[in-house]
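Visitor: Please show me the complex, and let us go through it by question and answer.

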Amino acid sequence: MSLAWAFYFSTVLVYLGVNMIACWGLNLQYGYTGILNFAYIIFVSAGAYTAAILTLGPKTDGSFQQYVFGMNLPFPLPIIAGGVVGGLLSALVGIIGLRRLRSDYQAMVFLVISLIATTVVTNDVGLFNGPAGLSVVPKPLDTVVNLSLINYQWFYVGVTAVICLIVYWFVRRITNSPLGRSMRAVRDHEQAAAALGKNVAAIRMRAFVIGGVIAGVSGAVLVSFISAWSPGGWLYQETFVLFTAIIVGGTANNAGAALGALLVPVLFLESTRFLPPIGRPGLIDALQWVAVGALALIFLWFWPRGVLPERRRVIRLSTPSGPAAAAEPASADQSTGGK
Amino acid sequence: MFMQALGFGIITASILAIGAVGFTTQFGVTNILNLAYGDVMTASAFTAYVANAAGLNPWWGLVCGAIFGALFSFLLNRVVYTPYIRRGSKLFVMIIITISISLIVQNLLQVIWGPQFYSIHVDPGRTVHVLGMVFTTSQLYIIMIAGLALVALHSLLRFTRIGKAMRATASDAELARNCGIGTRRVIDLAWLMSGLLCGVAGVALVMELGSFQSTTGGAFLVPIIAAAVLGGVGQIYGAMLGGLIIGVTTELAAVFINPQYKDVVAFGMLIVVLLLRPQGILSEVASQKEVAA
């Protein structure tokens, strides 16, 4: 593998990891709980911004870019802070957006919030440095590990992989827990869940905030790698790419979401990079968006459950212990034992 | 200063009112939140541009744009939305479908026309002073078109059988069907009318703005939705009133706060309305309805 390819390949791997994390967070909200969060990318962006300013260090007078709360925190802290800010912002937005609204109105609120956020961030130069965004964000542990550029790339692939594993473990724990079960109940039948004593609003809020934390982490991991942040990179269309990824991979299936992250933002969108530059600039970008839209439509028509559909969960009453259990046919024991 | 801003507000409000009434007619009847509406507006504007470039008067271009909008919306429903609903897509999934269509239309326009700006040349005519507000003749035409379109729609809904059928379908599609109303035809008509108004709004918008590109209509969608929701979904008069309120407020905000925050004001109002009165200012309750096809 030549150096250029190694460089490219490692970059794509980091993108894959970042997209996988983002898809897990969105899947928790959309797939499991049924919240159409069209503002998802805003929480990714917020996490990224937080991580950026917490590694850039305090702003000096001669600084060429504007930002707030500059700090110089050691490695894992900016990423954790990114997650915390993503979660806090989600809580704030959730208070506004998660009221008892029809699901289409709710989607509308989130879409509008996404648009407002982009407008405000682009125009408020003092706070977020306007459309220029932030650049020269230092790479984490760069001075500590002291590696060559290409080895640092592979090192960061490792860091991303570890964070992916932690997030995956965390998400799986949630979706397999009673909370995950309640989330699916809220998604499938809100009134029934409420009738069984589930606090629907609180469950939605929890899914929303946890999703926001994961979104923040994914943004933070990305920004530390590419060393730059700008509001133009996090428009509402990016949320749509993640939605398409989940629809293609498999809604309410964590492995499916990861597969979707591989198929849509990475393979599908990266492959156009290798097309010969035809037509005018911007043509391929526009065609790419057409293709993403068409991909979502095609999957919703032919495979609405995605490549890896949600596992059907059948809840059996546990077999009573004692003499009655012994009388059960042997196959029943196998089916409960094999879980 | 204030009167001039109010003048701008009235022009924006007329375009918004046309768009919002078209949006709400379709949304009220079918319950599909058509996020591709703004992009159909842009497509209609490009149709008018082509007609104008072919030598037609811009106002005939507006007619061409309106017809294109009507046919496009009709086909969009017949070819895409209805089949998905028949296949069992819920309200939830329909939003993702309309947003996909929006992306596809917008980017196809960009593929065809590129990212640059176009303009339909309209002779502004003499300027007219009304109570300290200054309008050009073409702006007065736009306001008049808005007035006429809304009166025509009002008459259709109030005084004709098909209008009555449409109102019945909007309030309860199933009950209407059980009473022998051909809801399919009503829904087709709703899409045609909505598309017609969408086309008019799109062309009027780009005439007023002076220049446009493939994203212009999409950017105008949120104020339209804001006006429609403010008025109460499916409420024609509400949408007119909503258009007026949003139009005037955003233009006043542009003058007195910051032109960049014009949209933020519209967005903010939409959110506030959704939180305080999701059923709109003039409306019955927007209940938990499913999509109708």
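Guide: Two residues are in contact here if their C-beta atoms, placed from the backbone, lie within 7 Å. The model is a predicted one.

Visitor: What share of the contacts in chain A with a separation of 6 or more comes from residues 24 or more positions apart?
Guide: Chain A has 15 helices and 0 strands. Among its contacts with a separation of 6 or more, the share from residues 24 or more positions apart is 78%.

Visitor: Which helix of chain A has the lowest confidence?
Guide: The mean pLDDT of chain A is 83, with 88% of its residues at 70 or more. Residues 324-339 of chain A stay under 50, and the model has 7 contacts beyond four places in sequence for them. Confidence is highest in helix α10 (residues 200-226) of chain A, at 92, and lowest, at a mean of 40, in helix α15 (residues 330-337) of chain A.

Visitor: Over which residues of chain B is the pLDDT below 50?
Guide: Chain B has an average pLDDT of 85, and 94% of the residues score at least 70. The stretch of chain B below 50 has 10 contacts in the model beyond near neighbours in sequence, and covers residues 283-288.

Visitor: What ipTM does the predictor give the complex?
Guide: Two scores come from the predictor for the complex. The pTM is 0.86, and the ipTM is 0.84.

Visitor: Which helix gives the most to the side of chain B that touches chain A?
Guide: In the interface, 33 residues of chain B are in contact with 34 residues of chain A. On chain B, α4 (91-113), α9 (216-231) and α11 (262-276) each supply at least two residues of that side. With 15 residues, the helix that gives the most is α4(B).

Visitor: How many nonpolar residues does the side of chain B that touches chain A have?
Guide: By class, that side has 1 charged residue and 7 polar ones. The nonpolar residues number 25.

Visitor: Which helix of chain A is included in what covers the buried residues of α11(B)?
Guide: α11(B) has 15 residues and reaches 21 Å from its first C-alpha to its last, close to the 21 Å expected at 1.5 Å a residue. Its buried residues include Phe267(B), Met269(B) and Leu270(B). The cover over the buried residues includes α9 and α10 (236-256) of chain B and, from chain A, α4 (103-123).

Visitor: Which helix supplies the largest share of the largest nonpolar core?
Guide: The largest nonpolar core has 200 residues, and those with the most contacts inside it are Ile21(A), Cys23(A), Ala17(B), Val200(B), Ala204(B) and Leu270(B). Not counting residues up to four places away in sequence, Ile21(A) touches several residues, among them Ile163(A), Val167(A) and Val221(A). The largest share of this core, 16 residues, comes from chain B, helix α8 (residues 183-209).

Visitor: Why does Gly180(A) count as buried?
Guide: Gly180(A) lies in helix α8 (residues 178-188) of chain A. Leaving aside neighbours within four places in sequence, Gly180(A) is in contact with Tyr32(A), Ile174(A) and Thr175(A). A residue is buried if 20 or more other C-beta atoms lie within 10 Å of its own. Gly180(A) is buried because the number of other C-beta atoms within 10 Å is 20.

Visitor: How many residues of α1(B) are buried?
Guide: Helix α1 (residues 2-30) of chain B reaches 40 Å from its first C-alpha to its last, close to the 42 Å expected at 1.5 Å a residue. This helix is mostly covered. Of the 29 residues of α1(B), the buried ones number 24.

Visitor: Which residue with a positive phi follows α1(B)?
Guide: The residue lies in the loop between α1 and α2 (37-53) of chain B. It is buried, with 22 other C-beta atoms within 10 Å. Its phi is near 70°, and it is a residue other than glycine. The residue that follows α1(B) is Asn31(B).

Visitor: Which residue stands opposite Val130(B) in β2(B)?
Guide: Strand β1 (residues 127-130) and strand β2 (residues 133-136) of chain B pair in the antiparallel sense over 4 bridges. Their hairpin has 2 residues between the strands, and Leu131(B) takes a positive phi near 50° there. Opposite Val130(B) stands Met133(B).

Notes. Residues numbered from 1 in each chain as written. Chains lettered and ligands numbered in written order. Predicted model: local features only at pLDDT ≥ 70, side-chain atom pairs only at ≥ 80, totals over all residues. Nonpolar A, V, L, I, M, F, W, Y, C, P; charged D, E, K, R; others polar. pLDDT = per-residue confidence, 0-100. Expected span 1.5 Å × (residues − 1). Buried ≥ 20, exposed ≤ 12 C-beta atoms within 10 Å, placed from the backbone. Pairing = 2+ DSSP bridges. Core = buried A, V, L, I, M, F, W, Y, C linked by C-beta atoms within 7 Å.
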